[in-house]
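Q: I would like to learn how to read salt bridges, interfaces and cavities in a model. Where do we start?

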Amino acid sequence: MKSALEVRGLSFRFPDYPNLPAAPLFRELDLELPAGQIALVLGAPDSGKSTLCRILAGLVPRFSGGTLEGSIRIAARSILESRPYERIRDVGLVFQNPAEQLFTARCDAEAAFALESLGWPAQRIRRSVEAALSSLALPADRDPQTLSGGEKKKLAVACLLAVRPAVWLLDETFEELDSGTRLCLLERLRASGRTVLITSAKWYELFGGRVDRVFLLSGGRLREVRPGTASFHALLRKEGFQLGARKPRSRATGGAGGAILEAEDLRFAYPGEGAFRLEIPHLRIPRGGTLAVVGDNGSGKSTLARILCGLLAPAVGTVRFRPDGDLQVMDRTSLSRRVAYIFQDPDLQIFLPTVEEELAYGLRLQGLEEERIAARLRGAVESFRLPGLSAPPALLSYGARKRLQAAVYHLLDRPVVIFDEGDSGLGAPEFVRLLDLFRDQARGLVVITHDLELASRVADATVRLQKGRVA
Amino acid sequence: MDPRCKLPLAVLFTVLFFLPLPLVLLGAYLGALSLAIWLGLGFRELVRPLRTIAPLLLLVLLLTPPFQRGGQAYLRIGGLTLLSADGVREAARLALRLTGVTFAFFVLLRSTAPADLILALRAFGLPFGAGLVVSVALQYVPGLKGLFDQVQDAHRLRRAGNGAPPARGLQVVRSLLPQLTSVLILSIRRIPILAMALEMRGVGRTNRRSSMRRLPQGRRLVLSSLAAAAVGLGAVVAIFLFP
Ligand SMILES: Nc1ncnc2c1ncn2[C@@H]1O[C@H](COP(=O)(O)OP(=O)(O)OP(=O)(O)O)[C@@H](O)[C@H]1O
Ligand SMILES: [Mg+2]
């Protein structure tokens, strides 16, 4: 069979930066996919999944620098000798963070852009775009900026659906999608007959029987593994692509301590277009316990989180916080002071030149002495496995940036902590480890996730949202 | 109205506001524009641009008179004329100009989808490459605003209640500094990523680009052009009616 994608002897390393020497990322990596196959590449955080996708798309080292050896052929032509814009019918990529990929002001303009570049006639573009958007239930006239995290991801997929390139690269695209959308997307890919490479830090049961090949990315190489066997499942656990057997964890007296935060009769709607309404009659975050919030894309999970931490003001309703005795009604500033909200995108929450400044920022504002600060920073570097105090956060790997972001809020010591899709890009076991660092008798945790297995494992109670209501 | 007609009108009004015309006429133009905004877009849209330029307007109104001291003096302190007929006239003229030009472009941008504006620019012969740059810039700037909002939210959460007193005066500027730095770092990080995203969507190809949106042809274009010509002509004729 003709191969659609052929990689031979790929070696790559990024350029060195001060305080952050680069190690070789890939060593003699080989991969061959016949046309029409769906391949899954499982890789731990920082194993190089995104870089691999970008290399295959011809974006790295073109935009990043670094040294590359080996050959890559897509549709029988070398990727290294052509420019990405010449190959948009051959290869398409969905970025791990789709927000970085969207640059127009309307969803339909977004999906049409590549077709306009190809010079298609207007009528044909319109048909393609309408079909792509409606198959993922996306609105044509919304501003992509106002979409929820998962909806943005779906829009980036719709952009590929409109072009239908021969090879699809989906970089952790199945994260942050609800289970219905995941299944629908995978079935569509199978029906399309295209060659697809999916990367993931997590094994979803729906992959079983639906992907043709499974590879493990580690140590700079790809190794093919055979799903369905007992050794395969052992491997998934060992490498952290799946949660291990239920371990007794130090579960606090979940809920017995009463509520630490309680919301009553919350109502909220975004200004302007759109019919989204949030209506939560009652919500309770247990003291010393964990509340999981689950629900489809766009069901209002992040919106709820932004209200609870005081970033959004509800139209109606109150949020009450209990320091010791009675619940007190809180205004928005007081909420921000007590509720930490860990964004899904770590880059929005880390912004200083070094890890040291990043961690100490809040402590210095609190007026702590330098000696005590230094001691606490050392502790944080150790427990969050950070690469050292002088490293520049912007150049750390995704996993390390997420751990740094968590460490920042850990040092701030807020009584309530909300994790928005904290497991995305990290894998469940790694996230559980992070979460355990936050467990405390006096603290309430909220975990927003699409992983129901994870939710049932870590939470004392689960709330499911559906179209802005508690289901 | 068709963006191909709105564009020349906006340019015409900009020119008009810069001609040495009697104050009454400038006022009349501004009145007409405001009326158009009010009727077309609503009262709130009339206040919005005003609020943005309010600090600038205030500066103009306060600082112009002391430097234009001719004519009858209205207010003197010691031997110094602070407010005089010329000063008031000049201040009013500058303020009208500023507001007028702002309104003209506000109407244009507010009532036209960016994509249509680009199409109109292209209809007037803007080369494709430049059109693309303008279009990406027009759409990316609101994106940066979104980025800034998110960074601001992040900072608010992290700073809140660390015993730090609320910032005042110069402190506000200082406390903005880390936020601006993070936006800067983020946008610099995003530039290569944006370039990647653009190339993955075919920016750089040499073939002719097409467009999904089309500006209407035929009757609607003719009607639009007639309306625009009437408004433009009216505005110009008015100049000669006020000798
Ligand atoms: N700034 C905004 N303006 C208008 N509508 C918005 C805005 N932000 C979100 N929405 C809409 O509100 C709804 C809920 O969004 P939200 O981000 O809370 O969903 P979510 O449950 O977190 O979804 P996901 O799982 O995809 O992250 C969605 O329909 C979304 O499109
Ligand atoms: Mg969300």
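A: Start with a definition: a salt bridge is a side-chain nitrogen of Lys or Arg within 4 Å of a carboxyl oxygen of Asp or Glu. The model here is predicted.

Q: Which residue of chain B forms a salt bridge with Glu110(A), and how far apart are the closest N and O atoms?

A: The partner of Glu110(A) is Arg201(B), and the closest N and O atoms of the pair are 2.7 Å apart. Between chain B and chain A the count is 5 salt bridges. Over all chains the rule gives 33 salt bridges.

Q: What does a salt bridge look like between Glu224(A) and Arg213(A)?

A: The side chains of Glu224(A) and Arg213(A) meet at 2.8 Å, N to O. This pair links distant parts of the chain: Glu224(A) sits in strand β10 (residues 221-225) of chain A and Arg213(A) in strand β9 (residues 213-218) of chain A, 11 residues apart.

Q: Back to the two chains. How many residues of chain B are in contact with chain A?

A: Contact here means heavy atoms within 4.5 Å. By that cut-off, 47 residues of chain B are in contact with 65 residues of chain A. The area buried between the two chains is about 5100 Å², and carbon and sulfur atoms give 59% of that area. On the chain B side, the residues that lose the most area to chain A are Arg158(B), Arg201(B) and Met212(B), together 20% of what that side buries.

Q: How many residue pairs are in polar contact across the interface of chain B and chain A?

A: The rule finds 18 such pairs, with both residues at pLDDT 80 or more. On the side of chain B that touches chain A, the elements giving two or more residues are α6 (128-159) and α7 of chain B. The residues of that side divide into 21 nonpolar, 13 polar and 13 charged.

Q: How is empty space found, and how many cavities of 30 Å³ or more does the structure hold?

A: Rolling a probe the size of a water molecule over the atoms shows where empty space is left. This structure holds 6 cavities of 30 Å³ or more. The largest cavity has a volume of about 140 Å³.

Q: Which residues are closest to the centre of the largest cavity?

A: Of the 15 lining residues, the closest to the centre are Gly92(A), Leu93(A), Leu160(A), Met200(B) and Arg201(B). Elements that give two or more residues to this lining are β6 (91-94) and α4 (149-163) of chain A, together with α7 (170-200) of chain B. By class, the lining has 12 nonpolar, 2 polar and 1 charged residues. Arg201(B) thus appears in two places: close to the cavity centre and in the salt bridge with Glu110(A).

Technical notes:
Residues numbered from 1 in each chain as written. Chains lettered and ligands numbered in written order. Predicted model: local features only at pLDDT ≥ 70, side-chain atom pairs only at ≥ 80, totals over all residues. Heavy atoms only, no water. 1 Å grid on protein atoms, 1.4 Å probe; cavity = no way out; pocket = protein on both sides within 12 Å on 5 of 7 lines; lining within 4 Å. Points joined across faces, edges and corners; volume = space filled by probe spheres on them. Helix = DSSP H or I, 4+ residues; strand = E, 2+ residues; numbered from the N terminus. Nonpolar A, V, L, I, M, F, W, Y, C, P; charged D, E, K, R; others polar. Buried area = accessible area lost by both parts, 1.4 Å probe. Polar contact = N/O pair within 3.5 Å; in protein donor to acceptor, adjacent residues only side chain to side chain.
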